[in-house]
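Work through the exercises below with the sequence and the model in view. Try each task before reading its solution.

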Amino acid sequence: MSTPTSPMPEPSAPAALAVPAPATWQLSILTVWHPALGMAVDPVAVLARDTAPDANPAQHVAWVPLVYDEADPWRERLAEGVTPAKVDRWQEEHGVCQLSPTEVPPGATDLRHAAELVLDQLLAEVIPALPPRDGA
């Protein structure tokens, strides 16, 4: 059974008909250490959470392709479960793994779509601007 999505307005529909993202949605970019830059700015995933008590899904992770090994630290963290307290702690940490909150993109129809839109933006604009991981 598929998850129902909000109706998408027609391209010619007025902006007032667009469905706003729920205030309970929270998106974060998960980054790891970039050896060539010497800081944790290498995006490996987008974590999307819905804090509403009846949220389905309550979270979704959109992974950057081809960075499986680099993303291992975040895979290990997320495997232990995601709670509001952990997210708060991760936001305060300044080490090899970092979490940076980001805006919900306009036009997102559901939580998964919001994460995929942020991932698309990372793939199109941010990741190509980074130097190679090996520093070459």
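Two strands pair if DSSP finds at least two bridges between them. Helices (H or I, at least four residues) and strands (E, at least two) are DSSP runs, numbered from the N terminus. The model is predicted: local features need pLDDT of at least 70, side-chain atom pairs count only at pLDDT 80 or more, and totals for chains, interfaces and linings use all residues. Residues are numbered from 1 along each chain as its sequence is written, and side-chain values use heavy atoms, with hydrogens and water left out.

**Exercise 1. The elements**

Task: State how many helices and strands the chain has, and give their pattern along the sequence.

Solution:
- Count: there are three helices and four strands.
- Order: along the sequence the pattern reads β-β-β-α-α-β-α.

**Exercise 2. The sheet**

Task: Find the strand order of the sheet and name its edge strands.

Solution:
- Start with β1 (residues 25–34): nine bridges join β1 to β2 (residues 39–50), and the two run antiparallel. One facing pair is H34 and M39 of β2.
- Look at the hairpin of β1 and β2: four residues lie between the strands, and G38 takes a positive phi near 70°.
- Go to the other partner of β1: six bridges link β1 to β4 (residues 97–102), again in the antiparallel sense. Here T31 stands opposite Q98.
- Add β3: five bridges pair β2 with β3 in the antiparallel sense. W63 in β3 is the bridge partner of A45.
- Combine: the four strands form an open sheet in the order β3-β2-β1-β4, with antiparallel pairing. The edge strands are β3 (59–63) and β4, each of which pairs on one side only.
- From one strand to the next, the twist averages 30° (axes are lines fitted to C-alpha atoms, for helices over the stretch in contact, and angles run from 0 to 180 degrees between N-to-C directions).

**Exercise 3. Helices against the sheet**

Task: Which strands does α2 lie across, and which does α3 touch?

Solution:
- α2 lies across β2 and β4 and runs at about 105° to β4.
- α3 (residues 111–126) packs on the sheet and touches β1, β2, β3 and β4. Its direction makes about 160° with that of β2.

**Exercise 4. Buried or exposed?**

Task: Decide whether β1, K86 and P106 are buried or exposed.

Solution:
- Fix the terms: buried means under 20% relative accessible area, exposed over 50%, and partly exposed in between (1.4 Å probe, protein chains only).
- β1 is mostly covered, with eight of its ten residues buried.
- K86 belongs to α2 (residues 84–92) and is buried.
- P106, in the loop between β4 and α3, counts as exposed because its relative accessibility is 78%.
- For the whole chain, buried residues make up 32% of the 136 residues.

**Exercise 5. The charge of K86**

Task: Where is the nearest side chain of opposite charge to K86?

Solution:
- Set the signs: Lys and Arg count as positive and Asp and Glu as negative, while His and the chain ends are not counted.
- Set the limit: a salt bridge is a side-chain nitrogen of Lys or Arg within 4 Å of a carboxyl oxygen of Asp or Glu.
- The nearest side chain of opposite charge is E80, 4.2 Å away, and K86 has no salt bridge.
- Leaving aside neighbours within four places in sequence, K86 is in contact (heavy atoms within 4.5 Å) with E80 and G81.

**Exercise 6. Far in sequence**

Task: How many residues apart in sequence are P106 and A21, and how far apart in space?

Solution:
- In sequence, P106 and A21 are 85 residues apart.
- In space, P106 and A21 are 7.8 Å apart, C-alpha to C-alpha.
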